[in-house]
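Biologist: I would like a close look at the empty space in this model. Take me through it site by site, with the framework around it.

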Amino acid sequence: MKLKNGEAPAFDADVYFHNVRDLLSENAHLLALVLGDVLRKLLKGIQVQPQPRILELGAGTGFLTRLLLTMYGGSGVLVDNCRTSFDAYNRIKDKNEDRITYRLEDIFALKVPEPFDIVCSFGLIEHFQEKQEILSIHKEHCRPDGHMILIVPMDSFLTRAYYEVHPEINLGYRELLTKKTALEQIQTSGLQPVRAEVSQGYVYDFLTVLCK
């Protein structure tokens with residue numbers, strides 16, 4: 001900041017806060033680009049079942065599944081017990097909606113007739129202090145030769161800044177994880193990490209982990 005007559009110019013903290021908040025706002029188009037890039041790195045060389053059956057736990061609006069369907073085709077099942085998320089999904093006119101089933105129910109009570117080729121979640125695991133059960137559910141519904149994709153916001157300066165300027169989304173428990181801690185907790189829960197990639201260029205940092 002340039003000094004004028006030896007004095008620093010006035011600093012408006014409220015304006016600064018809202019400017020940062022605007023810069024670190026969710027953007028679906030940017031997320032699609034960043035997430036698509038990190039998924040391609042994560043799944044490079046991985047043999048994904050043709051026309052895979054995809055299950056997303058704690059799905060929200062199913063952003064992850066909708067992107068995977070664009071990449072690999074197949075069909076998706078979204079599971080979430082939040083009515084607000086369900087209503088938000090129904091407002092989206094997605095080109096893959098005819099291949100998606102939304103089940104408004106508790107993921108811990110979920111019953112499915114057969115396991116899935118891909119079981120995934122985006123922003124779910126960090127809300128559980130004890131992660132053994134939630135990680136086990138991913139494995140329970142995944143075929144032995146299938147894949148699990150786990151995505152969590154990563155503990156970084158950028159991510160902490162994002163949540164600091166968006167207090168309205170700081171509801172309930174959330175544990176930001178470093179890459180090292182996330183991989184350790186996943187292994188402790190009996191899942192086998194195959195590859196891990198970190199996002200680049202989004203308004204917060206997230207870690208993607210491919211597991212067997």
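Modeller: Helices (H or I, at least four residues) and strands (E, at least two) are DSSP runs, numbered from the N terminus. The model is predicted, so local features need pLDDT of at least 70 and side-chain atom pairs 80 or more, while totals for chains, interfaces and linings use all residues. Residues count from 1 along each chain as written, and side-chain values use heavy atoms, without hydrogens or water.

Start with the enclosed space. On a 1 Å grid over protein atoms alone, a cavity is a set of points where a 1.4 Å probe fits but cannot get out; a pocket is an open set with protein on both sides within 12 Å along at least five of seven lines; lining residues have an atom within 4 Å of a point. Points join across faces, edges and corners, and the volume is the space filled by probe spheres set on them.

How many cavities reach 30 Å³ or more? The count is 1. The volume of the largest cavity is about 70 Å³. Walk along its wall in sequence order. I125, K131 and L135 are among the lining residues. L150, V152 and L177 also belong to the wall. A182, Q185 and I186 follow, and L207 and V209 complete the list.

Which elements build this wall? Strand 5 (142-153), helix 7 (179-188) and strand 7 (206-211) each contribute at least two lining residues. Helix 7 has the largest share, with 3 residues. So much for the cavity.

Now the open sites. The largest pocket holds about 1,200 Å³ of space. Its lining takes in 35 residues. Look to the centre of this pocket: G58, G60, F122, G123 and H127 are the lining residues that lie nearest to that point. Four helices each give two or more residues to this lining: helix 2 (28-42), helix 3 (63-72), helix 4 (83-90) and helix 6 (157-164). Helix 4 provides the largest share, 3 residues.

The second largest pocket has a volume of about 190 Å³. A28, H29 and A32 are among its lining residues. F63, R66, L67 and T70 line it too. D94, K95 and N96 finish the set. Helix 2 and helix 3 each supply at least two of these residues. Helix 3 gives the most, with 4. Helix 2 and helix 3 are also among the elements that give two or more residues to the largest pocket.

Next, the framework. The chain has 7 helices and 7 strands. In sequence order they run α-α-β-α-β-α-β-β-α-β-α-α-β-β. Along the principal axes, the C-alpha atoms fill a box of roughly 75 × 40 × 35 Å.

An open sheet of 7 strands has mixed pairing (two strands pair if DSSP finds at least two bridges between them). Its strand order is 3-2-1-4-5-7-6. Strand 3 (100-103) and strand 6 (193-198) stand at the edges. Each has a single partner strand, so one side of each is left without a neighbour in the sheet.

Which sense of pairing, parallel or antiparallel, joins strand 1 and strand 4? Strand 1 (residues 53-57) and strand 4 (residues 116-122) pair in the parallel sense, over 3 bridges. I54 stands opposite I118 in strand 4.

Back to the sites with this order in hand. Strand 5 and strand 7 both supply residues to the cavity wall, and they are neighbours in the strand order 3-2-1-4-5-7-6. For the largest pocket, look first at helix 4, which has the largest share of its lining. For the second largest pocket, look first at helix 3, the element that gives the most.
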